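Colleague: I want the reasoning behind the labels on this one. Take me through it, term by term.

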Amino acid sequence: MPEPEGGPAGSPPPAPRQRPPHRRGGRLDAPAVRRWCALALDALGRDREDIDAINVYPVADGDTGTNLYLTVESAAQAVEAVFAAHETGATRPALPDAVRAMAHGALIGARGNSGTILAQLLRGMAQILTTPGDEVHAAYADGPRLARALRRAADSAYSAVAHPVEGTVLTVATAAADGADGADAAGAADCATVARAAHDAALAVLGETPRHLAVLARAGVVDAGGRGFVTVLHALVEALTGEPPARPAPRAPGGLTAPCAAASPAPHGASPCAAAADRPEGESATDSPAYEVIYLLDADDAAVDRLRGRLDALGDSLVVVGGDGLWNVHVHVDDAGAAVEAGIEAGRPHRVRITHFGTQAAARSDAAQRPPERAPRAVVAVVPGDGLAELYAQSGATTVLARVGEPPASGELAEAIRRAHAHEVVLLPNDPELRHTAAVAAEQARDDGVRVALIPTRSAVQGIAALAVHESGRRFDEDVVAMTSAAGATRHGEITVAERQSWTTAGICQAGDVLGLVDGDVAVIGADLTDTARSVLDRMLSAGGEMVTLVLDDEVPEQVADLLERHVRARHLAVDTVVYRGGRQGSPMLVGVE
């Protein structure tokens, strides 16, 4: 039976993995990159809401801090994966391994305009820090090399933006490169001195950003993306020295401090600067594009060059970052379909995200109208398909959609907990790979005063069983124990299709084979979906069971469910079967046996 994280009372979970110890010195090596990512993620987690609150350019959508956090989280996860892969070997990751992973993780996880530019800044640094050289330079970078990396970062970010604007993160990144160059010219040989000089120069120019952008001056704030980049540089200095430099403050030259000293306080979740950032006379809200479109794109350089021109004509805030065949495309447009079609013409777009700015504004309005009282208790669950999301929502749960190949980050789970607006929350990750991510989100929510119990459900069918016994009227501890018991008493299975030849616990499978998994392990390899599902059901029911739950992908024919229901009735007496449609859930079928 799964045990609730931290016990039934929802007490804090076991201590998370410790960060690598700080090594004093002026060198940037792989452990320092790992520590940099961890510190940057922590800092952006603390500053996320403050940065969101001062987000007024290019769109006052109040999400810059969140986007930067999710981008850095993806980078940090990629670096951790590199270190985890070396744990059983005799060698440790080298500097190129770590920075290459950091840049790639940021690229594939970049969110929003600010996150996309940050991904290119990190990629620019990686281009210098992964340059082949002697063994010493493969192990670490010195001050001059770090200065060159920061210069390449600023230059590459400018080239990635279709129409660069001063007073944004681009200006702050250039100031950081100037500061690093100055330290290098003064003879600084260590990375710590160069990083501190870059940070201090960026922090100084951050305060000047409202002089470049009138929208910032009207709101009385500095650029949100620039503020976030200074936070990342702050973490770099701390990673190299063990001592944090001065903290950036969202302050404009006129003395106003965010969130918008001239504005009235804003409710939780709303951007208090949005109203202060009035549009210039003659410009209406309809002058700005309605949609933000982001996708990863597999394409060659020539196709991407053509794509830039096509998208530039469709909208604004165009940023295209990446290279070597993989790109991250970000644009604001009125015709989202045309932006995606342009990507299809250029190559293979995937992980497509389309956000309607009006929907974001409505969400902020809902937050502003939210009553101050929290609900006594809520359930937050990760689900793999729209159909399951609707099913869980009907049971009162707040859901987070896990797209195929794109699991939610801890920031998304933490935001869902905040959205649930309850004193007590039961968190159901419904995936063993999300347990650590969910634990991080739970800890963030506890810092906000929310009592959170994490039940480590391994499948959506276990979550369904837990929700079925959830009763918000009983004591929190009793509710968590009952839900944990119901989840633990539910065996979970899955029917999926092999993508390639592979060794499994049931033998060698070929691409296209139907795989039947029981409790996470491949138990059956077959050629037919229905026959494989029958075998899986028989195995799962061989130890007994009272109810079978089938969650079918929308593409699975209805007759498959009918055949499986008949099979259960004929072979397993007194066992009920319930069938749900999960939407596009990534695998043809999920199976639960209670």
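Colleague: What stands opposite Glu-292 in strand 6?

Modeller: Thr-355 does. Bear in mind that this is a predicted model.

Colleague: How do you know that strand 3 and strand 6 (residues 348–356) pair?

Modeller: Pairing needs at least two bridges. Strand 3 and strand 6 have 7, in the antiparallel sense. So they count as paired, by the cut-off of at least two bridges.

Colleague: And what makes strand 3 and strand 5 (residues 326–333) a pair?

Modeller: The same test, at least two bridges. Strand 3 and strand 5 share 8 bridges, again antiparallel. Leu-297 sits opposite Trp-327 of strand 5.

Colleague: Why is strand 3 (residues 291–298) called largely enclosed?

Modeller: Buried means under 20% relative accessible area. Of the 8 residues in strand 3, 6 are buried, so the rest of the structure largely encloses this strand.

Colleague: Why is Cys-37 called buried?

Modeller: Its relative accessible area is 5%. The limit is under 20%. Cys-37 therefore qualifies as buried. Cys-509, at 2%, is buried too.

Colleague: How many disulfides does a search of the whole structure find?

Modeller: It finds 0. A disulfide would need a pair of cysteine sulfur atoms within 2.5 Å.

Colleague: Cys-37 also lines the largest cavity. What makes that space a cavity rather than a pocket?

Modeller: A 1.4 Å probe fits in a cavity but cannot get out, whereas a pocket is open. The search finds 2 cavities of 30 Å³ or more. The largest has a volume of about 60 Å³. Its lining includes Trp-36, Cys-37 and Ala-40. Helix 1 (30–53) supplies the largest share, 3 residues. Helix 2 (64–85) and helix 4 (112–129) each supply at least two.

Colleague: Now the parallel sheet. Why are strand 8 (398–401) and strand 10 (451–454) said to stand at the edges?

Modeller: The open sheet has 4 strands in the order 8-7-9-10. Strand 8 and strand 10 each have a single partner strand, so one side of each lacks a neighbour in the sheet. Neighbouring strands are turned by 20 degrees on average, direction ignored.

Colleague: How do you know that strand 9 (residues 422–428) and strand 10 pair?

Modeller: They have 4 bridges, in the parallel sense. At least two are needed. Val-426 stands opposite Ala-453 of strand 10.

Colleague: What does helix 17 (residues 435–447) touch on the sheet?

Modeller: Strand 9 and strand 10. Its direction makes about 170 degrees with that of strand 10. Helix 16 (residues 410–420) lies across strand 7 (375–383), strand 8 and strand 9. Helix 16 runs at about 160 degrees to strand 8.

Terms used
Residues are numbered from 1 along each chain as its sequence is written. This is a predicted model: local features need pLDDT of at least 70, side-chain atom pairs count only at pLDDT 80 or more; totals for chains, interfaces and linings use all residues. Side-chain values use heavy atoms; hydrogens and water are left out. Axes are lines fitted to C-alpha atoms, for helices over the stretch in contact, and angles run from 0 to 180 degrees between N-to-C directions. Contact means heavy atoms within 4.5 Å. Buried means under 20% relative accessible area, exposed over 50%, partly exposed in between (1.4 Å probe, protein chains only). On a 1 Å grid over the protein atoms alone, a cavity is a set of points where a 1.4 Å probe fits but cannot get out, and a pocket is an open set with protein on both sides within 12 Å along at least five of seven lines; lining residues have an atom within 4 Å of a point. Grid points are joined across faces, edges and corners, and a volume is the space filled by probe spheres set on the points.
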